Amino acid sequence: KYGFKVYPVNPKAKGQTILGEKVFEKITDIKEQVEIVDVFRPSAETVDIAKDTIKIGAKVLWLQLDIKNQEAKYIAETNDILYIENKCTKIEFEKYFKI
């Protein structure tokens, strides 16, 4: 609706459909270019997600509210990926764009 393509990723819902979109098991299963990996997973899982973010060539690794991981940050930043933690994409978007 606002010009963003969202690919749902959830290992437990693989193959299902959410809001008309096919659910992927992991981000490396997405064949299209992904700009932002937006993470709603526990902090302990973000290291592997950071490694997968590199594999798919995403530009941003965004960890939602209360999600932080120093190792994931190091992995992202040493691979020229913008790393954001403990911030909500919706809240940040609304600061700059009136929807």
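This dialogue considers backbone geometry, surface and pocket features in a predicted model.

Visitor: Which phi value does Asp66 have, and where does Asp66 lie?

Guide: Asp66 is not a glycine, yet its phi is positive, at about 70°. Asp66 sits in the loop that joins strand E4 (60-63) to helix H2 (70-77).

Visitor: Is Asp66 buried or exposed?

Guide: The term exposed applies over 50% relative accessible area. Asp66 has 69% relative accessibility and therefore counts as exposed.

Visitor: What can be said of Asp80?

Guide: Asp80, also not a glycine, has a positive phi of about 60°. The loop between H2 and strand E5 (82-84) holds Asp80. With a relative accessibility of 74%, Asp80 counts as exposed.

Visitor: Which residues make the nonpolar surface patch?

Guide: Tyr2, Phe4 and Val6 make this patch, which covers about 360 Å². Tyr2 belongs to the segment before strand E1 (17-18). Partly exposed denotes the range between 20% and 50%; Tyr2 falls in this class because its relative accessible area is 48%.

Visitor: How should the largest pocket be read, and what is its volume?

Guide: Its volume is about 1,500 Å³. The lining comprises 38 residues, of which Val6, Ile36, Val37, Asp38 and Phe40 are the closest to the centre. Val6 is also one of the residues of the nonpolar patch.

Visitor: Which elements supply at least two residues of that lining?

Guide: Strand E3 (36-39), helix H1 (46-56) and helix H3 (89-96) each do so. H3 gives the most, with 5 residues.

Visitor: What is the lining of the largest pocket by class?

Guide: The lining has 21 nonpolar, 12 charged and 5 polar residues.

Technical notes: Residues numbered from 1 in each chain as written. Predicted model: local features only at pLDDT ≥ 70, side-chain atom pairs only at ≥ 80, totals over all residues. Heavy atoms only, no water. Helix = DSSP H or I, 4+ residues; strand = E, 2+ residues; numbered from the N terminus. Buried < 20%, exposed > 50% of the residue type's maximum accessible area, 1.4 Å probe, protein only. Patch = residues over 30% accessible without salt bridge, like charges linked within 9 Å, V, L, I, M, F, W, Y side chains within 5 Å. Areas by Shrake-Rupley, 256 points an atom, 1.4 Å probe, with all protein chains shown as cover. Salt bridge = Lys/Arg side-chain N within 4 Å of Asp/Glu carboxyl O. 1 Å grid on protein atoms, 1.4 Å probe; cavity = no way out; pocket = protein on both sides within 12 Å on 5 of 7 lines; lining within 4 Å. Points joined across faces, edges and corners; volume = space filled by probe spheres on them. Nonpolar A, V, L, I, M, F, W, Y, C, P; charged D, E, K, R; others polar.
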